[in-house]
Each structure stands twice: as C-alpha cells, then as structure tokens.
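Welcome, and thanks for opening the viewer. Let's walk through a few selections together, one stop at a time.

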Amino acid sequence: MRIVSDATQYCAAVENARESEKEDFVKYMLRVLPQIYLDFATVGKEEVGEFDYGFYQTYVDEEWYESVRRGIERLMGPDDTFLETFEQDMKYSDTPIASSVSESLADIYQPLYNFIMIVRETEGSELVGAYLECHENFETYWSQTLCNVLRALNNIRYGS
C-alpha cells in the first residue's frame, strides 16, 4: 500500500538526517511531504467505512523523539528556525512566533512511525485501524504542521 511505503520512506529519511546533505534532505522533504499530505487528505473515514479500533501502542518515546529532532536540527543549522504565521497565539501577539523545522518534522515523524510499526507488528491486520488513528491525528494536528514546514522548506530551497 502506497501510504505505508510513503510513511516508511519519510521515517527512514528523518531518522538518517544526520548522514544527509542539507540540500538533498530538503529536496527529498519537498517531494515526500506533499505525497504524505495527499495520502491522508484524500482517504478518510468515509472511504474506509465504519471501523471500531482500539488503543494502539506508542513506539516513539520522548528520548527517541528528541534524538530525531536533534539530528534534523544539526543538519538544518541556522535554517532550522522559521516564522510561523498560522500559530493560534499569533492572533494575540505583536511579535512574530518562531517555529522549528526539526520539531515540525519530528512531530510528523511520531504518528507516522507509530502507524508503520502497528502495521508491521500486526502483519497488516490492523492497517485500517492504524490508518484511522493516524488520520484522526492528521486532521486535528499534524496536517497544519506539514503545510507550515513545507512552506519553510520551500523557502530554504528557493528563497532569497
């Protein structure tokens, strides 16, 4: 299934960011992030149908998350920080709010890694439930994060 493949490739790229060249990493993220967005935006509960799924194990703990985030932060260097205009607090602030490419990519990594691990450990039998859980998280949280970091990565590659 393409969605599992895209998620797996994204997670591998993020995990191996330390060994990447920044330009190659940014180019890859600009290619894979839109596909992941489409994977989750075009297939929803309506297409999958009613499915009763339970609680799934979380695989990415805080230490692992921080390790992934720091690897990307080192790779991005001064390009890791970008101004965030879609932050809710921005409505009430006179000063810009900074965000982080590394934190954004790690925030996307966490639910995608959990998704692929559930699928892998259940040999695909929990694909629909794992997808629906990840999709719910996509709708409420990381879809906006993905769009925001995509804009920042685009600026790194093509900006002034």
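**Stop one: Ser104.** Please start by selecting Ser104 and displaying what surrounds it. Beyond its neighbours within four places in sequence, Ser104 is in contact with Phe82, Ser99, Thr145 and Val149. Keep in mind as you look that this is a predicted model. Ser104 sits in helix α5. Is Ser104 buried or exposed? Its relative accessible area is 6%, under the 20% cut-off, so Ser104 counts as buried.

**Stop two: a tyrosine pair in α5.** Stay on helix α5, which covers residues 101-121, and select Tyr109 and Tyr113; they are four residues apart, about one turn of the helix. How are the two rings arranged? Tyr109 and Tyr113 make a stacked aromatic pair, with 5.5 Å from centre to centre and 25° between the planes. Colour by accessibility if you like: Tyr109 has a relative accessibility of 0% and is buried, and Tyr113, at 11%, counts as buried too.

**Stop three: the aromatic pairs.** Now show every Phe, Tyr and Trp ring. How many aromatic pairs does the structure hold? There are nine. Zoom in on Phe40 and Trp142: their ring centres are 5.2 Å apart and the planes meet at 75°, so this pair is edge-to-face. Phe40 belongs to helix α2 (residues 22-41) and Trp142 to helix α6 (residues 127-158), so the pair ties together parts that lie 102 residues apart in sequence. Phe40 is buried, at 1% relative accessible area, and Trp142 is buried as well, at 0%.

Next, widen the selection to Tyr37, Phe40, Phe115, Tyr131, Phe138 and Trp142. These residues form one aromatic cluster, and the pair you have just viewed, Phe40 with Trp142, is part of that cluster.

**Stop four: α2 against α4.** For the last stop, keep α2 and add helix α4, residues 62-76. Two packed helices are described by the angle between their axes and the distance between the axes. Here the axes of α2 and α4 come within 9 Å and cross at roughly 120°, and the crossing is left-handed. Which residues meet at this contact? Select Lys22, Phe25 and Val26 on the α2 side, then Ile72, Leu75 and Met76 on the α4 side. Coloured by residue type, the contact of α2 with α4 shows five nonpolar residues, no polar ones and one charged. The charged residue is Lys22, which you will find in α2.

Notes. Residues numbered from 1 in each chain as written. Predicted model: local features only at pLDDT ≥ 70, side-chain atom pairs only at ≥ 80, totals over all residues. Heavy atoms only, no water. Phe/Tyr/Trp six-rings, centres within 6.5 Å; stacked < 30°, edge-to-face > 60°. Helix = DSSP H or I, 4+ residues; strand = E, 2+ residues; numbered from the N terminus. Buried < 20%, exposed > 50% of the residue type's maximum accessible area, 1.4 Å probe, protein only. Contact = heavy atoms within 4.5 Å. Axes fitted to C-alpha atoms, helices over the stretch in contact; angles between N-to-C directions. Left-handed = near helix turned anticlockwise from the far one by under 90°.
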